[in-house]
Amino acid sequence: MPLARTSELLAGAVAARTGLPAFNVITLEHAEAIATGAENAGTPVILQISQNAVGFHGGRLLPIARACAEVAAAARVPVSLHLDHVEDLDLLRAAPAAGFSSAMFDASHLPHHENVKATAEAADWAHRHGLHLEAELGRVGGKDGAAPLSAHAPGARTDPDEAAAYVADTGVDALAVAVGSSHAMTARTASLDHGLIGRLAAAVPVPLVLHGSSGVPDGELAAAVAAGMVKINIGTALNLAFTPAVRAHLAGDPAVTDPRKYLDPGRRAMAATVAHLAGVVTSSGRS
């Protein structure tokens, strides 16, 4: 199947009033597990490679990107490539030629006016080069000497009016918002503000994105999609499946040296997690 475009997958999810799962890739085994899990669930999916993952691969984008593109093209369901949490403009500019149809430009750590300026410039470049651009609206603290808040710090929330203005001022195609989840959670204990999600969906004319979804229970994920969330980003949950499966195999066979023997159960565990979470996200429709 030809490599899908993220914008088309998002448009399909919006039209179907459901969610679109996006899973983060670190190794080739991640990409293979994501494709297998999506096939088993019968759902489209996004393969995401973050700037951090590129750094893990020695700062070289093309090897892991081309491997993911081949996995995507061989899949029996639509799969697109997305470059995630990009802060390096040179990396963003490398995305189209590497097969990505979308990217997330992350200026959420900047003061609001600088975030708007940098993101608007990134969106202008992206659109001129056929790239769908996602951004994140960070609510910067600092009042009365308080430390700045990241977009996902406890208590941080995205304001609907600010979000609408941000999208209008930057021209981004999708917006990640802070509604109660947090990156790198290893326990599924996050409680989302579903009322806020509904208000954001009503105020913002582009698809909403939930980052940090690994820490969100199934019921909360389903309710988030029902309230208006579209793209659901999942990363840590795959590692929580992969690593224990590898550990268990190594513990049961201490003499093993062939990595295929322990990578395979890890890959299968990730595929099962992908199939489950993809099913949760795509079966949760809005009324």
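Reader: Buried means under 20% relative accessible area, exposed over 50%, and partly exposed in between, with a 1.4 Å probe and protein chains only. Which residues of helix 4 are buried?

Author: Leu-61, Ile-64, Ala-65, Cys-68, Ala-69, Val-71 and Ala-72. This is a predicted model, where local features need pLDDT of at least 70 and side-chain atom pairs count only at pLDDT 80 or more, while totals for chains, interfaces and linings use all residues. Residues are numbered from 1 along each chain as its sequence is written, and side-chain values use heavy atoms, leaving out hydrogens and water. Helices (H or I, at least four residues) and strands (E, at least two) are DSSP runs, numbered from the N terminus.

Reader: Where do those buried residues of helix 4 fall, seen down the axis?

Author: They fall within an arc of 165°, so they line one face of helix 4. The arc is taken from the directions from the helix axis to the C-beta atoms. An α-helix has 3.6 residues a turn, so residues three or four places apart point the same way.

Reader: Which residues are exposed on the other side of helix 4?

Author: Pro-63, Arg-66, Glu-70 and Ala-74.

Reader: And what covers the buried residues of helix 4?

Author: The cover includes helix 2, strand 2, helix 3, strand 3 and helix 5, with contact meaning heavy atoms within 4.5 Å.

Reader: New topic, strands. How many are in the barrel?

Author: Eight; the barrel is closed, runs 1-2-3-4-5-6-7-8 and has parallel pairing. Two strands pair if DSSP finds at least two bridges between them. From one strand to the next, the twist averages 25°. Axes are lines fitted to C-alpha atoms, for helices over the stretch in contact, and angles run from 0 to 180 degrees between N-to-C directions.

Reader: How many bridges join strand 6 to strand 7?

Author: Two, and the strands run parallel. Leu-175 has Leu-208 in strand 7 as its bridge partner.

Reader: Now Asn-233. Buried or exposed?

Author: Asn-233 is buried because its relative accessible area is 4%. Asn-233 sits in strand 8.

Reader: Which residue's side chain does Asn-233 join in a polar contact?

Author: Lys-231, at 2.9 Å between the side chains. A polar contact is a pair of N or O atoms within 3.5 Å; within protein, one must be able to donate a hydrogen and the other to accept it, and residues adjacent in sequence count only if both atoms are side-chain atoms.

Reader: What else does Asn-233 touch?

Author: Leaving aside residues up to four places away in sequence, its contacts include Ala-22, Gln-48, Asp-84, Glu-134 and His-211.
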